[in-house]
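Please open the model in your viewer and keep the sequence panel at hand. The tour below proceeds by selection.

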Amino acid sequence: LSTQFSGEPMSYTRFSIARQTDGDNSHVEMKLSADDEEGGEAGRPEHLHAHVAQPWRNGKNLCFLLIAAFLLLLIGFLIGYLSYRGRMQLAAKCLEGGGKCEVTPTASYLADGDETEEEEVPGPPILYWPDLKNLLSTKLSDRRLEENLRQRANKNSFEAGQSEDENMAIYIHDLFKSFFLNQVWKDKHYIKLQVKGSTKNKVSVVEDGKEEELETPDAYVAYSETGTVTGKPVYANYGQKEDFQKLEKSAIELNGTIVIVRAGKITLAEKVVNAKEKGAVGVLMYLDPYKNTDDLVPFGHAHLGTGDPYTPGFPSFNHTQFPPIESSGLPHIAVQTISSHAASRLFSKMDGESCLPQWRGGLLVCKMTVRSDKQLTVKLEVNNVMVDRKILNIFGAITGFEEPDRYVVIGAQRDSWGPGAAKAGVGTAILLELARVISDIVKNEGYKPRRSIIFASWSAGDYGAVGATEWLEGYSATLHAKAFTYINLDAAVLGTNDIKISASPLLYALLERTMKGVNDPLISSRKLYDKVGSSWVKSIVPFGLDNAAFPFLAYSGIPVVSFGFYNKDEDYPFLGTTQDTVENLKAINSLYAHLRAAAEVAGQIALRLTHDHELFLDFGRYSEELLAFQEKFLVYDQDVKELGLNLDWLFLARGDFQRAANALRRDIENSDKENKVIRRALNDRIMKVEYDFLSPFLSPKDAPLRHIFFGKGSHTLQSLLDHLQLLKTSRSKVDLNMLKEQLALATWTIKGAANALEGDIWNTDNTF
């Protein structure tokens with residue numbers, strides 16, 4: 001080029017192509033002096049200054065510059081195209097796993113919050129979701145699950161606060177340490193428990209003045225009223241409200257009676273409350289007979305609530321002195337469990353009308369009550385005693401690399417009255433295996449979770465999720481702002497035919513995505529989603545007090561999920577009895593394959609929630625739940641107006657929540673996903689949705705279960721609906737002041753949730 005344009009030497013152009021650190025683009029530097037890069041024009045010899053200044057030289061230089069610019073554009077285009085093509089190939093690989101996936105490497109972030117540049121480290125630099133999911137599936141081991149479950153073998157009891165429970169706690173603590181989890185610790189709580197006394201409880205039949213012992217069971221019901229009560233026996237099926245309504249329609253007197261119920265449908269505590277409301281002085285519960293279970297007597301508790309009932313709303317730390325208070329959920333009537341054999345003997349002595357066919361269950365003889373002129377009563381003696389116990393909750397944590405102060409919690413009950421293979425052993429086995437596998441993926445496969453994962457082993461779960469609830473009460477000021485999901489592993493395998501799911505609506509979308517990616521243990525070519533079907537949400541099981549996830553949701557406002565296998569038409573017969581052994585559990589077909597599938601579901605949920613930039617919580621789903629309630633309320637709109645009230649404000653609040661959810665979705669779509677500050681702020685708005693449905697107008701001490709969808713009390717949307725239904729059936733029973741309060745609580749709780757979801761205060765709709 002020099003000889004063509006001038007025949008003289010000229011300055012050359014240096015092209016420097018340097019890749020930017022983010023890997024997305026390249027920049028090009030062009031320098032027009034080879035003689036002295038630092039000196040610039042000042043460093044040029046004089047003859048070159050004069051030479052360049054000549055007009056004919058300027059034209060040739062301009063031509064040269066145009067050719068150089070063209071070459072630069074061509075090189076830049078080629079580099080950009082090759083970079084783009086490579087990224088698209090990686091994205092295509094990611095999308096093969098299906099659904100929402102990340103095409104960026106997991107972030108590196110110091111534990112103290114200081115950002116640092118990502119350095120080259122051995123192992124895979126990027127873990128995409130399909131790779132992470134496959135690693136989890138590959139590393140889960142049936143053999144390890146079996147070894148974990150075997151720890152329950154040949155043990156008679158793991159009663160909370162006793163030696164076997166504490167030994168198991170130490171074993172789990174040491175195992176967590178052997179997995180090299182980032183943090184391992186324990187929480188001590190000092191609680192009051194009711195246990196059986198030195199004298200067994202006794203059930204007798206008194207006929208014509210003669211007393212005949214019916215049974216003196218080993219099992220007992222915690223938090224029963226102690227002492228002796230006597231009353232006529234009345235059978236109430238499952239003890240549900242509708243069962244008692246049928247008895248009242250049949251003109252059967254319930255006041256002063258001892259009610260007999262069978263296990264199932266609702267918790268024992270709920271059966272007891274329903275019986276007490278009708279004036280019963282005692283309750284006997286038995287298990288429906290199944291094969292060789294006639295003599296089995298289950299353990300249970302009668303506290304309509306969770307946690308230590310003698311420190312309601314307060315954590316039981318360090319023998320803290322509390323005023324003499326107790327939970328309003330204590331029954332104050334005598335309660336005892338009996339065998340189906342004892343129940344059959346009792347029914348055979350009753351001479352009233354036979355049970356309804358659908359109430360009979362597996363018993364050959366079933367009577368509703370006794371004739372009014374027959375002198376037959378049941379005598380119940382309860383000799384339980386109160387004790388102080390120290391319990392241990394054990395924790396292990398894998399800390400996140402970007403947001404270590406945000407975490408998903410995976411938990412399982414450890415204690416059990418009896419061997420507890422299904423009740424506590426299954427969940428504990430899965431918990432330990434997930435801790436091992438996820439720790440291994442982080443240590444050896446290069447996975448850097450954005451957020452932390454906490455593994456928790458709870459004690460005193462048999463007494464109403466006492467260990468879990470006390471932990472929530474102890475850290476209530478911070479947990480709702482840090483824990484964004486709880487995954488419950490308790491009793492995850494009780495059968496094989498059906499899948500039992502209880503979950504917050506925020507997790508429906510993630511659950512569905514997960515089930516589409518996990519194989520059915522019975523048919524490997526089929527996914528779990530195929531087993532539950534596209535309308536699986538309709539079969540979701542409502543949360544009960546016997547589910548350890550319940551206080552996380554209803555008390556702390558943390559999204560939860562509980563997943564497991566069972567047989568819908570046939571309960572696992574040994575749950576809560578002395579026969580809940582590993583040997584009996586092994587009778588379940590493909591037991592360890594189902595344990596592995598349950599572990600894979602829980603593991604995928606935990607990993608997905610710590611992998612993606614955006615929290616995989618479907619905040620818009622609550623708009624649908626609110627709309628469903630609105631449609632039910634609309635039926636009573638005219639009736640409410642006749643009382644001088646209206647439902648318009650409630651409906652407007654629902655509309656505000658819908659608009660706020662849409663606005664947040666737009667903010668997420670328009671945000672820079674690589675901006676950690678913006679992403680954290682958006683995720684914080686998402687994770688607070690559940691908490692914002694806890695009514696802020698109620699005291700956690702007086703009404704701890706404040707969630708308007710899942711709580712207990714007159715503040716819930718279901719309670720409001722029940723009250724509105726009276727407008728159609730018996731308007732005289734409507735309490736106008738209570739209805740006003742219910743409408744106000746519901747309206748302003750939903751409005752508050754909408755405002756919080758909207759974000760900044762100036763973005764909220766103040767025309768309400």
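The stops that follow go from the whole chain to a helix pair and then to two loop residues.

**The whole chain**

Begin with the entire protein, displayed as a cartoon. This is a predicted model, and its secondary structure comes to 23 helices and 19 strands. Of its 768 residues, 52% count as buried. Among contacts with a separation of 6 or more, 78% join residues that are 24 or more positions apart in the sequence.

**Colouring by confidence**

Next, colour the chain by pLDDT. The mean for the protein is 87, and 84% of the residues reach 70 or more. Select residues 1-56: the pLDDT here is below 50, and the stretch has 64 contacts in the model beyond near neighbours in sequence. Then select residues 93-125, where the pLDDT is also below 50. This second stretch has 58 contacts beyond near neighbours in sequence. Where pLDDT is low, the predicted coordinates should not be read in detail.

**The pair H10 and H17**

Now select helix H10 (residues 421-444) together with helix H17 (residues 591-611). At what angle do H10 and H17 pack? The angle is about 50°, and the axes lie 10 Å apart. Because angles between 35 and 65 degrees fall outside the roughly parallel and roughly perpendicular ranges, H10 is oblique to H17. The crossing of H10 past H17 is right-handed.

Display the side chains at this contact. From H10, select Val 426, Ala 429, Ile 430, Leu 434 and Ile 438; these meet Leu 595, Ala 598, Ala 599, Ala 602, Gly 603 and Leu 607 of H17. Of the residues in the contact, 10 are nonpolar, one is polar and none is charged. Gly 603 belongs to the H17 side of this contact, and glycine is counted as polar.

**Phe 180**

Move to the loop between helix H6 (163-178) and strand E3 (183-195), where Phe 180 is found. Phe 180 has a positive phi of about 60°, although it is not a glycine. Is the residue buried or exposed? With a relative accessibility of 59%, Phe 180 counts as exposed, since the cut-off for that class is over 50%.

**Ala 491**

Finish in the loop between strand E17 (483-488) and strand E18 (498-503), which holds Ala 491. Ala 491 is likewise a residue other than glycine with a positive phi, here near 45°. Its relative accessible area is 22%, so Ala 491 is classed as partly exposed; the limit for buried is under 20%.

Notes:
Residues numbered from 1 in each chain as written. Predicted model: local features only at pLDDT ≥ 70, side-chain atom pairs only at ≥ 80, totals over all residues. Heavy atoms only, no water. pLDDT = per-residue confidence, 0-100. Contact = heavy atoms within 4.5 Å. Helix = DSSP H or I, 4+ residues; strand = E, 2+ residues; numbered from the N terminus. Buried < 20%, exposed > 50% of the residue type's maximum accessible area, 1.4 Å probe, protein only. Axes fitted to C-alpha atoms, helices over the stretch in contact; angles between N-to-C directions. Parallel < 35°, antiparallel > 145°, perpendicular 65-115°, else oblique. Left-handed = near helix turned anticlockwise from the far one by under 90°.
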